[in-house]
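Open the model in your viewer and keep the selection panel handy. We will go chain by chain, then look at where the chains meet.

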Amino acid sequence: MTVGIVIVSHSPDVAKGAADMVRQMVGNEVPLGFCGGNPDGGLGTSVEKILAAIDQAWSEDGVAILVDLGGAETNSEMAIEMLPEDKQAKIVICNAPVVEGAVMAATEAWGGGSLHDVKRTAEELSAQ
Amino acid sequence: MAPPLDLLLDTLAARIIAAADELTALDSAIGDADHGLNMKRGFEAVQAERAAILAKPLGEALKTIGMTLVMKVGGASGPLYGTLFMTLGKELPAEPSVADLARALGLAVEALKARGKADFDNKTMLDVLGPLAQHLAGSDASLASVRALAAERAKATVPMKAIKGRASFLGDRSIGHMDPGARSSQIMIEAVCDVLEGKA
């Protein structure tokens, strides 16, 4: 089992494209969930879809979420708060670019990194 | 006397849905042009749950409105307005007084600050709702004074520079436009005042 990765973008296409890049890098060995678009399918984010993506990527080792813009983060935080507390403690949102962050985070997860390592690796991208 | 919940809900939803184009236009100036559409989608979803919401006591009804907005809005305004309604639902008694409302709104404002990682003067809905909570806590908040305050505070966001949300990307260029969330908050406050005055 490795840490799971969730990609949340305003655009379903960006979310799927980033997920494709993650899959190319780490295959199917890292649990992965992704979602994009508002409840009508337009640009935006949806708490319902984020909850489903977290469920899909669920790992007892933890789940790292990568988000693109403002509402994606707010909606992801809301989604996390709607989960039971023991699950909440195993989910982090990474402050990192969504595409590069997802690939870096997944690579770290694939290598056996802890949730803390995965978050730190993704966030190293933002430090530059 | 508390106004009937059905009239409050219908007026709130109708006003927000009618203002969709105006809110989206405000948001296109400084954001991602979706606030009106998102709020319309949210309140249409709330109205789809109308019968179930009206069957509940006030607190539960407000919580359901908030949860529906969280799930259906599709932008940051979903968790924000969702947090507002859910906190009011949690804190208000079945027959709230103005003092109850002031207290609950004050707590909702704190919850919104945490949710949006924002503060006053960041050019957000907080710039309308925060002063309103304080005003209601004062001794004689007339409906006319509430209306005037909401309008004045929404207008006060025009010269502010956005610090939070997509508008903050614009930096100084966000100055000169009213914040869409401040405006939607003002519209909701007006709707509640109209219901209380029998004008809705």
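The stops below tell you what to select and what is there.

**Before you start**

This is a predicted model, in which local features need pLDDT of at least 70 and side-chain atom pairs count only at pLDDT 80 or more, while totals for chains, interfaces and linings use all residues. Residues are numbered from 1 along each chain as its sequence is written, and chains are lettered from A and ligands numbered from 1 in the order in which they are written.

**Stop 1: chain A**

Select chain A and colour by secondary structure: you should find 6 helices and 4 strands. Helices (H or I, at least four residues) and strands (E, at least two) are DSSP runs, numbered from the N terminus. Walking from the N terminus, the order is β-α-β-α-β-α-α-β-α-α. The C-alpha trace spans about 35 × 30 × 30 Å along its principal axes. Of the 128 residues in chain A, 54% are buried; that label needs 20 or more other C-beta atoms within 10 Å of the residue's own, with C-beta atoms placed from the backbone, whereas 12 or fewer make a residue exposed and counts in between make it partly exposed.

**Stop 2: a helix pair in chain A**

Now show α2 (residues 47–56) and α3 (residues 70–81) of chain A. How are two packed helices described? By the angle between their axes and the distance between the axes. Here the angle is about 60 degrees and the axes are 9 Å apart. Axes are lines fitted to C-alpha atoms, for helices over the stretch in contact, and angles run from 0 to 180 degrees between N-to-C directions.

Turn on side chains for A:Val47, A:Ile50, A:Leu51 and A:Ile54 of α2(A), which meet A:Asn75, A:Ser76, A:Met78 and A:Ala79 of α3(A). Contact means that the C-beta atoms of two residues, placed from the backbone, lie within 7 Å. The contact of α2(A) with α3(A) has 6 nonpolar, 2 polar and no charged residues. Ala, Val, Leu, Ile, Met, Phe, Trp, Tyr, Cys and Pro count as nonpolar, Asp, Glu, Lys and Arg as charged, and the others, Gly among them, as polar.

**Stop 3: chain B**

Switch to chain B, with 10 helices and 0 strands. Its C-alpha trace spans about 45 × 40 × 30 Å along the principal axes, and buried residues make up 47% of its 200 residues.

**Stop 4: α8 of chain B**

Select residues 126–137 of chain B, helix α8. Its buried residues are B:Leu126, B:Asp127, B:Val128, B:Leu129, B:Gly130, B:Leu132 and B:Leu136. Add α7, α9 (143–156) and α10 (180–196) of chain B to see part of what covers them.

**Stop 5: B:Gly66**

Is B:Gly66 buried or exposed? B:Gly66 is buried, because it has 24 C-beta neighbours inside 10 Å. This glycine lies in helix α5 of chain B. Leaving aside residues up to four places away in sequence, B:Gly66 touches B:Gly82, B:Thr83, B:Leu84, B:Phe85, B:Met86 and B:Gly89.

**Stop 6: where the chains meet**

Finally, show both chains: 15 residues of chain B are in contact with 14 residues of chain A. On the chain B side, the elements giving two or more residues are α3 (35–48), α5 (58–72), α6 (77–91) and α7 (98–116). The largest share, 3 residues, comes from α5(B). By class, this side of chain B divides into 4 nonpolar, 6 polar and 5 charged residues.

Definitions and conventions
The expected span of a helix is 1.5 Å times one less than its number of residues.
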